[in-house]
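Subject: Structure handover

Hello,

Here is the structure I promised to pass on. My notes on it follow below, and I hope they help you find your way around.

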Amino acid sequence: MGKFEKDSQALLELVGGKENIAALSHCMTRLRFALVDPKKANVAGIEKLSSVKGCFTQSGQFQVIIGNEVSQFYNEFTAYSGVDGSSKESVKEVSKNNQTSLQRIMTNIAEIFAPLIPAIITGGLILGFRNIIGELLLFNNGTQTLTDISQFWAGINSFLWLIGEAIFHFLPVGITWSITKKMNTSQILGIVLGITLVSPQLLNAYAVAGTPVGEIPVWDFGFAQVQMIGYQAQVLPAILAGFTLVYLERFFRKICPSVISMIVVPFCSLILSVVIAHMVLGPIGWAIGSFISGVVYAGLNSSFKVVFAALFGFLYSPLVITGLHHMSNAIDLQLIADFGGTSLWPMIALSNIAQGSAVLGYMFLKRKDQALKEITVPAAISCYLGVTEPAMFGVNLKYVFPFFCAMVGSGIAAVVSVGFGVMANSIGVGGLPGILSIQPQSMPIFALCMLIAIVVPFTLTYMVGKRKGICNE
């Protein structure tokens, strides 16, 4: 008899039986179910199983937290139930049937940016390091930087910009590639389309504002002129162009005879998508993106910025539950493109820290409960490294008050962060490592904000728990 055979049998019944499982996979700590009818899942019964650390529904997936032994549990569950394992991508696709239209949009946005995150994080760290060696006046009585007094570090600073420019200025290439990859169309066409948005033949997006209208180069077609403007670091123009290419390719592939499809489909799809991108979608996407980033930037720098920060810091965790937080990636990248940094992402990192601290506060309340520690310790560590779901769904939301204590701590930390103008170079690793992506001049204040996000939720959770009569047992 396997270690998890009894719980596997019980779990199968509690999720509604084999016929209620449309697809199943697992990640590092959780089983991921796509259920035919999520309402049939007996959440209370599942959470009573000895090997289950918690369960929650997110993005249409019913996820059961098992822990580090999830692969063994998965193998025993599939063997007993007869359910064929699926890839995580398959589960995601099936799970979309359980999502609202808004959730599907947010999920699609998240899936576009997910493959780009490692590069964006790397770029943020590079920009932070370049700022430290090239901007901070630390030498000769505060008059020179490290690059001013050292040719070696000046060379390093210059060399690293090769990578930084590739990541941020040419971001549209990554976006259009990611869209075609996600939508199962020709990825090389997505790459070519992205390159046409940032080609050196075009006026660089960063130079547009300082160039008189009459000096902006144009394509002259006789009957009309189109400005030759690049879309370096622009998010929405690339997203609109990428999806245009996808649907054009699908259209032509559907109507074109297979004998000539290899020639006609890529030619017509690429030509038309590039024309539409530069003549219509590019200017529209730029205008919309600039408007959104302008509104957010105004909110973060107005006389009401403290209120804006308090609301965002307090409400970010609930946004994670709904999936709406995925939109923040696009907004952050647009802020970076338009203003050279983002004040939004530091608040997100602080929210992650706050949720982890609330978990530790609850663990301290019940510090003699060894079974609880098996859940809270990995959840807190995961949270401090930027992954909040195990902490939020496995602990804080389960007991309710730690979640709200974390929201309060996050809101206070966000107020201090925005009040002192903390800026990040880019999206980074959430949680404690987030300080590496903060602009050097803001690092001391951000360190203080991190301390607030640790102390306040921990203390509030402990105090509220004591008042509720939750004792050390």
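Is S343 buried or exposed? S343 is buried, because its relative accessible area is 9% (buried means under 20%, exposed over 50%, and partly exposed in between, with a 1.4 Å probe and protein chains only).

Before going further, a word on how to read everything here. This is a predicted model, in which local features need pLDDT of at least 70 and side-chain atom pairs count only at pLDDT 80 or more, while totals for chains, interfaces and linings use all residues. Residues are numbered from 1 along each chain as its sequence is written, and side-chain values use heavy atoms, with hydrogens and water left out.

**Overall picture**

The protein has 20 helices and 6 strands (DSSP runs numbered from the N terminus, H or I of at least four residues for helices and E of at least two for strands). Its radius of gyration is 25 Å, which agrees with the value near 23 Å that a compact globule of 473 residues would have (taken over C-alpha atoms, the rule being 2.2 Å times the number of residues to the power 0.38). The C-alpha trace spans about 75 × 75 × 45 Å along the principal axes.

Of the 473 residues, 51% count as buried. Among contacts with a separation of 6 or more, 72% are between residues 24 or more positions apart (contact means heavy atoms within 4.5 Å). The exposed area is about 21700 Å², and carbon and sulfur atoms supply 65% of that area (Shrake-Rupley method with a 1.4 Å probe; for residues, only the protein chains shown count as cover).

As for charge, the mean positions of the 28 positive and 24 negative charges are 8 Å apart. Lys and Arg count as positive and Asp and Glu as negative, leaving out His and the chain ends; each charge is placed at NZ of Lys, CZ of Arg, CG of Asp or CD of Glu.

**Two loop residues**

Back to S343, which sits in the loop between α15 (327–339) and α16 (344–365). Beyond residues up to four places away in sequence, S343 touches L300, V422 and M423. With V422 there is also a polar contact: the side chain of S343 reaches the backbone oxygen of V422 at 3.2 Å (a pair of N or O atoms within 3.5 Å; within protein, one must be able to donate a hydrogen and the other to accept it, and residues adjacent in sequence count only if both atoms are side-chain atoms). S426 is 83 residues from S343 in sequence, yet their C-alpha atoms are 9.7 Å apart.

Q439 lies in the loop between α19 (401–419) and α20 (443–467) and is buried, at a relative accessible area of 10%. Leaving aside neighbours within four places in sequence, Q439 contacts N131, G340, G341, M423, A424 and N425. M423 is thus listed for Q439 as well as for S343. The Q439 side chain reaches the backbone oxygen of G340 at 3.3 Å, and the C-alpha atoms of Q439 and G341, 98 residues apart along the chain, are separated by 8.3 Å.

**Two helix residues**

S351 is part of helix α16 and is buried, with 2% relative accessibility. Outside four places in sequence, S351 touches Y316, S317 and S410; its side chain and that of S317 are joined by a polar contact of 3.1 Å.

T244 is found in helix α12 (residues 236–255). T244 counts as buried because its relative accessible area is 18%. Not counting residues up to four places away in sequence, T244 touches S273, I276 and L281.

Enjoy looking around, and best wishes.
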